[in-house]
Amino acid sequence: MIPSILPTYNRAPLSFVKGEGTWLIEADGRRFLDLGAGIAVNVLGHANPVLVQALTDQANALWHTSNLYHIPQQQALADTLVEHSFADSVFFCNSGTEACELAIKMTRKYWTEKVQPEKSEIIGFEGSFHGRSSAGIAAAGGEKLTAGFGPLLPGFRHLPWDDIDAVRDAITPETGAVIVEPVQGEGGIRPMADGHLQALREICDENDLLLILDEVQCGVGRTGKLFAHEWSGITPDIMMVAKGIGGGFPLGAVLATEKAACGMTAGTHGSTYGGNPLGCAVGNAVLRTVADPEFLSDVSRRAGHLRQRLEGLVAAHPEVFEEVRGAGLMLGLKCKALGADVLAAGYDNEVITVPAAENVLRILPPLNISEAEIDEAVVRLDKAARQIEAG
Ligand SMILES: *Cc1c(COP(=O)(O)O)cnc(C)c1O
């Protein structure tokens with residue numbers, strides 16, 4: 001018999017009743033160190049008092065009105081994002097996959113406005129993840145995402161990950177945009193090679209293409225900059241954001257230049273819940289902390305400490321781990337042992353990581369994790385590795 005929850009997830013045998021900063025607590029009191037943060041979502045930890053205050057204050061005042069009216073919290077968040085990024089304009093939604101929907105619609109509309117609607121093809125990369133909507137799975141293209149869901153939305157082409165020469169060769173008069181995660185998340189924590197994002201920007205400029213960045217996982221402070229592309233010095237035309245920006249409240253956004261957004265006039269797109277007062281009140285509180293340069297340099301400092309400790313862990317357990325990779329507090333432990341076994345051994349030792357492709361365990365802690373918590377997490381991962389070694 002089908003379970004009452006549609007069985008689309010293989011869930012771990014864990015269930016939490018409370019969160020406190022970097023800790024998740026089960027009903028029997030077992031305390032887990034959370035290196036997953038709800039898949040890069042709880043950027044300021046669980047039950048952060050500042051976010052709880054922002055949410056409850058807003059909940060006591062007003063939950064929902066609709067985008068038929070002005071929403072001051074949404075205006076404030078848009079202004080902050082524009083101030084801190086390349087963007088001239090922002091649309092709010094509730095998730096990453098909704099951000100993907102608009103990024104693709106905006107691209108198509110842009111080329112329609114330019115009277116070149118044939119430029120509807122978007123180039124993406126293997127191993128990508130852009131969400132589970134029909135556009136999201138077509139944009140990412142992996143068999144695991146698309147099998148059984150055809151016919152897929154047309155207009156996507158997929159190239160080997162981070163292969164810049166392949167992009168040059170693939171461009172045709174029908175190409176209109178390139179979509180890429182600066183650091184692939186679900187694909188196994190794979191950062192683009194140094195200089196490749198700059199090279200993609202150049203190719204897009206030379207060939208008059210829009211560059212769409214999916215920063216749903218790598219954005220919002222995760223790499224030690226507010227957005228991951230800032231490390232490269234380039235800017236995109238369109239950027240998808242979600243996960244961390246709500247700190248645990250469902251919130252997504254599409255950021256765009258005036259040029260890229262030129263076709264998105266009244267009536268061309270919308271969302272009932274997108275940019276609602278609750279989500280935007282929390283988003284404003286998240287950005288007040290995360291966009292602070294001091295907070296971001298703390299993220300980089302913590303990331304350096306974590307990476308050093310994880311390198312030590314890998315060196316101590318060469319039969320269990322292969323390498324550490326990633327950027328900032330978006331790290332991957334590539335396993336030599338079966339990743340699922342290491343994940344489960346982590347649970348036995350009360351430390352949570354998140355699986356990804358390529359036998360990688362993702363380490364995506366709250367951005368305000370303490371050094372003491374990092375040390376304790378590595379002690380627990382070390383115990384998990386010993387458990388694997390003991391068979
Ligand atoms: C999680 C994720 C998405 C989809 O976000 P949802 O909120 O689950 O729809 C899209 N792109 C990337 C890079 C992601 O990590």
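## Exercises on helix α10 and the two domains

In this predicted model, the side chains of R362 and E186 meet in a salt bridge, with 2.8 Å from N to O.

**Exercise 1.** Work out which domain each partner of the R362 and E186 salt bridge belongs to.

*Solution.* Begin with the domain assignment, which gives domain 1 as 16-34 + 294-389 and domain 2 as 50-290. Residue R362 falls within 294-389 and E186 within 50-290, so the salt bridge joins domain 1 to domain 2. The count of salt bridges between these two domains is two, and nine residue pairs are in polar contact across the interface, both residues at pLDDT 80 or more.

**Exercise 2.** Describe the extent of the interface between domain 1 and domain 2, and find which three residues of domain 1 supply the most area.

*Solution.* The area buried between the two domains is about 1600 Å², of which carbon and sulfur atoms give 62%. Within the part that domain 1 buries against domain 2, L296, M330 and R362 supply 39%, more than any other three residues.

**Exercise 3.** Follow helix α10 from its N-terminal end and state what its buried residues pack against.

*Solution.* At the N-terminal end, D292 caps α10, with a side-chain oxygen 2.9 Å from the backbone nitrogen of E294. The helix then runs through residues 293-316 and reaches 35 Å from its first C-alpha to its last, close to the 34 Å expected. Its buried residues, including F295, L296, R302 and L310, pack against α9, β13, β14, β17 and α12.

Definitions and conventions. Residues are numbered from 1 along each chain as its sequence is written. This is a predicted model: local features need pLDDT of at least 70, side-chain atom pairs count only at pLDDT 80 or more; totals for chains, interfaces and linings use all residues. Side-chain values use heavy atoms; hydrogens and water are left out. Helices (H or I, at least four residues) and strands (E, at least two) are DSSP runs, numbered from the N terminus. The expected span of a helix is 1.5 Å times one less than its number of residues. Buried means under 20% relative accessible area, exposed over 50%, partly exposed in between (1.4 Å probe, protein chains only). Contact means heavy atoms within 4.5 Å. A polar contact is a pair of N or O atoms within 3.5 Å; within protein, one must be able to donate a hydrogen and the other to accept it, and residues adjacent in sequence count only if both atoms are side-chain atoms. Domain bounds come from an automatic or database domain assignment. Buried area is the accessible area (1.4 Å probe) that two parts lose on being put together, summed over both. A salt bridge is a side-chain nitrogen of Lys or Arg within 4 Å of a carboxyl oxygen of Asp or Glu.
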